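Open the model in your viewer and keep the sequence panel beside it. This tour moves from stop to stop, saying what to select and what is there.

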Amino acid sequence: MAEFRWKTIDDGGSEPALFGVDELVTPVRGTGRMSDLEFLHVAAKRILNRVPTGSRAPTNWTINVYRGCSHACVFCFARPTHEYLGLNLGEDFDRKIVVKINAVERVRAELADPRWTNEPVAMGTNTDPYQRAEAKYRLTRGVIEALAERGTPFSILTKSPLVTRDLDLIAAAAKTTDVRVDFSVGTLDQRVWRATEPGSPNPRLRIEAIRRLAERGIRTGALIAPVLPALSDSAQQLREVIDAVRNAGGEVHGLGPLYLRPGTREHFLSWLADYDPALHADYLRRYADSDYAPERYLNLVHARAGLTRRHRGRYAARSQPE
Ligand code: SF4
C-alpha cells in the first residue's frame, strides 16, 4: 500500500510548515463512521512529532492523533494540511477525518526509547484532540495514559468539554508530572460561534469544563482566539470571555487575532462573502498586504480587552502555525 505524508517543512513553499518531516503515515484497511463523519484509518511511522525549527509552538514536541477536524471552524489554519490523497481543505477537512489508529502503540514505543528525555509534549497544536472522533477511538486518552506512566509533562488545547471524560486520569497525572488543559474560546457570542464554528461544542460548555478542571486543581485557562474583526472584537465581547474564564478559575493566556494563511484565506473569505458581503469587502482591505493582522490592530484589541501585550503568553501563536 502506498506511503504518503503531509505537507511538511521540506515542501519548499514560503509558508511556515505545520508538521515536521516525521509525519509519515501509511493507509491501512478499515474505516469508521459517526453520523455524518467518515474516518480514514492510517498507521503513523512516528507519533511524537519534533516541531520544526523556528516554530512558535510552546514545546519542542507535539502529538496529533487526528487530521481534519469535525469542529469545522471556518477560519481553521490547519485546513491546507488536508490536501493530499484527493482530500480537500473544505468539506473533506470537516467530514473525512484521518485517524492514526496505532497512535497509542507508537507513543508507548517511542517513550520507551532510552533517548527520550521527557521533554513536555503539547496536544492540540493543530487539530483538536477531543474532536468527535475521540469519543469513538479514545486515542487521546490512550496517549495521556502512556505519557502519565512515563512521567512526561503534557499540555492539551481543545474546544471540547469531552476532555472532562478523562478528568480522573488527568488529575492523577497532574499529581506526578506537569500537566495543563487549556481551551480555545474565541467568543461566547452565540450568533458568532454558531456561524464560525458550526461543529464545535458551545463555548459556554468550555467555560464549565474550565470550572470542573480548576476545582480538581488542574492548571487550566483559555486562549481567546481567533479574534475576528467586527465579528467578535468589541470590548463587551472580549470582556465577556475574560470574565467568564477568570470566574471559572481559569487563566487568560491572551488574544490571538485571525491569521489567514493561503488556503485558509480562500476558504474563510468565500464563507464571509456569503455570510456578510459588506464585511467581506472590509476583510479584503484589512488583509490585503499580509496574512497577519497588523500590529495596530493587536494593540487595539488588547486595549479594548483591558489586557497588556504581556498577556501574549504560552499560546500567543495558537492562531498561527507551529
Ligand atoms: S477546533 Fe481547531 S483544529 Fe478544529 S477546526 Fe477548529 S480551529 Fe481547526
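**Stop 1: strand β9 and its neighbours**

Select Met123 and Ile156. Ile156, in β9, is the bridge partner of Met123. The model you are looking at is predicted.

Now extend the selection to strand β8, residues 121–123, and to β9. The two strands run parallel and are joined by 3 bridges. On to strand β10, residues 179–184. β10 also runs parallel to β9, with 5 bridges between them. Pick out Thr158 to see one facing pair: Phe183 in β10 stands opposite Thr158.

How does the chain get from β9 to β10? Follow it through helix α5, residues 167–176. This β-α-β crossover is right-handed.

Stay with β9 and colour by burial. Are its residues buried or exposed? In this strand, residues 154–158, 5 of 5 are buried. Side chains in a regular strand alternate between the two faces of the sheet. Check each side of β9 in turn. Phe154, Ile156 and Thr158 lie on one side, all buried. Ser155 and Leu157 lie on the other, and they are buried too.

**Stop 2: the whole sheet**

Zoom out and select the strands of the sheet. It is an open sheet of 7 strands, with mixed pairing. Read across it in this order: β4-β5-β8-β9-β10-β11-β12. Which strands stand at the edges? They are β4 (49–50) and β12 (251–257). Each has a single partner strand, so one side of each has no neighbour in the sheet.

**Stop 3: β11 and β12**

Select strand β11, residues 219–227, together with β12. They pair in the parallel sense over 5 bridges. Two pairs are good to click on. Ile224 has Leu255 in β12 as its bridge partner. Leu223 stands opposite Gly254 in β12. Between these strands the chain passes through α8, in a right-handed β-α-β crossover.

β12 is an edge strand of the sheet. How many of its 7 residues are buried? The count is 6, so β12 is largely enclosed by the rest of the structure.

Next, go to Arg219 in β11. Arg219 has 15 C-beta neighbours inside 10 Å, so it counts as partly exposed. Add Arg180 to the selection. Arg180 and Arg219 are 39 residues apart along the chain, yet their C-alpha atoms are separated by 4.9 Å.

Move along β11 to Pro226. Look at the peptide bond that leads into Pro226 from Ala225. This bond is cis, with omega near -10°.

**Stop 4: two loop residues**

Continue past β11 to Ala230, in the loop between β11 and α8 (235–247). Its phi is near 65°, a positive value in a residue other than glycine. Is Ala230 buried or exposed? It has 12 other C-beta atoms within 10 Å, so Ala230 is exposed.

Now jump to Arg138. Arg138 sits in the loop between α3 (133–137) and α4 (139–150). Phi is positive here as well, near 55°. Arg138 has 16 C-beta neighbours inside 10 Å and therefore counts as partly exposed.

**Stop 5: the nonpolar core**

Nonpolar side chains tend to be buried together in soluble globular proteins. Here, the largest nonpolar core has 78 residues. Which of them touch the most other members? Select Val143, Ile224 and Val245. You have already met Ile224, paired with Leu255.

Centre on Val143. Leave aside the neighbours within four places in sequence, and Val143 is in contact with Ile63, Val65, Ala103, Val104 and Val107.

**Stop 6: around the ligand**

Select the ligand, then the residues around it. Begin with Cys69, His71, Ala72, Cys73, Cys76 and Ala78, which are among them. Then add Thr127, Asp128, Lys159 and Ser200, also part of this group. By class, the shell has 5 nonpolar, 3 polar and 2 charged residues.

**Last view: the whole chain**

Clear the selection and show the full chain. Count the elements: there are 11 helices and 12 strands. Of the 322 residues, 47% count as buried. Take the contacts with a separation of 6 or more. Residues 24 or more positions apart account for 78% of them.

Methods
Residues numbered from 1 in each chain as written. Predicted model: local features only at pLDDT ≥ 70, side-chain atom pairs only at ≥ 80, totals over all residues. Near = placed C-beta within 6 Å. Nonpolar A, V, L, I, M, F, W, Y, C, P; charged D, E, K, R; others polar. Buried ≥ 20, exposed ≤ 12 C-beta atoms within 10 Å, placed from the backbone. Helix = DSSP H or I, 4+ residues; strand = E, 2+ residues; numbered from the N terminus. Pairing = 2+ DSSP bridges. Right-handed = clockwise from strand over helix to strand, strands pointing away. Contact = placed C-beta atoms within 7 Å. Core = buried A, V, L, I, M, F, W, Y, C linked by C-beta atoms within 7 Å.
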